[in-house]
Amino acid sequence: MAPRMTVGQVVKRKAVIVKPNYSVHRVARILSKNKVGSAVVVQKDDIVGIITDRDILDKVVARGRDPKSVKVKEVMTENPITIEDDYDISDAIDKMMDKGIRRLLVTRLGKPIGFVTAADLLAALNAYSSESEEELTEETEVYGICELCGQYGPLYKVYIEGGEKWVCESCKDSLNL
């Protein structure tokens, strides 16, 4: 039987968080600095939208609007399509095709951890089909937010006090696991 590959194993783009009242200019600088094409719009603890470089280009720049005066909430996509990180990548592909979108916001327990694109999913399927089950299991890295320190990066599953946690290498080393 083939190993199951989850969306969380494919996430390469971290979730950059912005607020709805930020200016589009500020968000463009944040996207550029982080070398990403989209950001998650969060108010309090809730995901309220996403804003992409395409939104900025189409809804602000192309229309001659001033990026310093336009707020994120005016041009963001509300109620973005999300998928939990433990879903199978085939579920992500189905959802993208069904909704006609190019990127999916990946969440863990409803909190944003990153994005996957159609290209990410195709690359993962390609790698999956060209490796044996043992090689795939060994080489697959999970990316996300460390449940101990909150840093984004490669994660390792550990068992602490009888519970499963996903932690970064630094926290894993400090726990002597």
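The turns below are a friendly conversation about a predicted model.

Biologist: Before we start, what kind of model is this, and how are its residues numbered?
Modeller: This is a predicted model, where local features need pLDDT of at least 70, side-chain atom pairs count only at pLDDT 80 or more, and totals for chains, interfaces and linings use all residues. Side-chain values use heavy atoms, leaving out hydrogens and water, and residues are numbered from 1 along each chain as its sequence is written.

Biologist: Thanks! How many helices and strands does the protein have?
Modeller: Helices (H or I, at least four residues) and strands (E, at least two) are DSSP runs, numbered from the N terminus. Counted that way, the protein has seven helices and eleven strands.

Biologist: And what percentage of the 177 residues count as buried?
Modeller: Buried means under 20% relative accessible area, exposed over 50%, and partly exposed in between, with a 1.4 Å probe and protein chains only. By that rule, the buried share of the 177 residues is 37%.

Biologist: Let's turn to the sheet. Which strands stand at the edges of the open sheet?
Modeller: Two strands pair if DSSP finds at least two bridges between them. Four strands form the open sheet with mixed pairing, in the order 2-3-4-5. Each edge strand has a single partner, so one of its sides is left without a neighbour in the sheet; these are strand 2 (17–18) and strand 5 (77–78).

Biologist: In which sense do strand 2 and strand 3 pair, parallel or antiparallel?
Modeller: Strands of a sheet pair through backbone hydrogen bonds, in either of two senses. Strand 3 covers residues 38–43, and two bridges join it to strand 2. Val18 has Val41 of strand 3 as its bridge partner. The sense of this pairing is parallel.

Biologist: Helix 2 packs on that sheet; what angle does its direction make with that of strand 4?
Modeller: Contact means heavy atoms within 4.5 Å. Axes are lines fitted to C-alpha atoms, for helices over the stretch in contact, and angles run from 0 to 180 degrees between N-to-C directions. Helix 2 (residues 53–61) touches strand 4 (46–52) and strand 5, and its direction makes an angle with that of strand 4 of about 65°.

Biologist: Why do the buried residues of helix 2 line one face of the helix?
Modeller: The buried residues of helix 2 are Asp55, Ile56 and Val60. Their cover includes helix 1, strand 4, helix 3 (72–75) and strand 5. Taking the arc as that of the directions from the helix axis to the C-beta atoms, they line one face because, seen down the axis, they fall within an arc of 95°.

Biologist: At what angle do helix 1 and helix 2 cross?
Modeller: Their crossing is left-handed, meaning that the near helix is turned anticlockwise from the far one by less than a right angle, whereas clockwise would be right-handed. The axes of helix 1 (residues 24–34) and helix 2 come within 10 Å and cross at roughly 145°.

Biologist: Which residues of helix 2 meet helix 1 there?
Modeller: From helix 1, the participants are Val24, Val27, Ala28 and Leu31. Their partners in helix 2 are Asp53, Ile56 and Val60.

Biologist: On to helix 4: which of its residues are exposed on the side away from the buried ones?
Modeller: Helix 4 (residues 89–99) has Ile89, Ala92 and Met96 as its buried residues. These cover an arc of only 50° around the axis, which puts them on the same side of the helix. On the other side, the exposed residues are Met97 and Asp98.

Biologist: Which residues does Thr117 touch, leaving out those up to four places away in sequence?
Modeller: Thr117 lies in strand 8 (residues 111–117) and is buried, at 11% relative accessible area. Its C-alpha atom is separated by 8.9 Å from that of Met96, which is 21 residues away along the chain. The residues it touches are Arg13, Met96, Arg102 and Arg103.

Biologist: One last puzzle: what is the phi of Lys35?
Modeller: Most residues other than glycine have a negative phi. Lys35 is in the loop between helix 1 and strand 3, and counts as exposed because its relative accessibility is 75%. Although Lys35 is not a glycine, its phi is positive, at about 55°.
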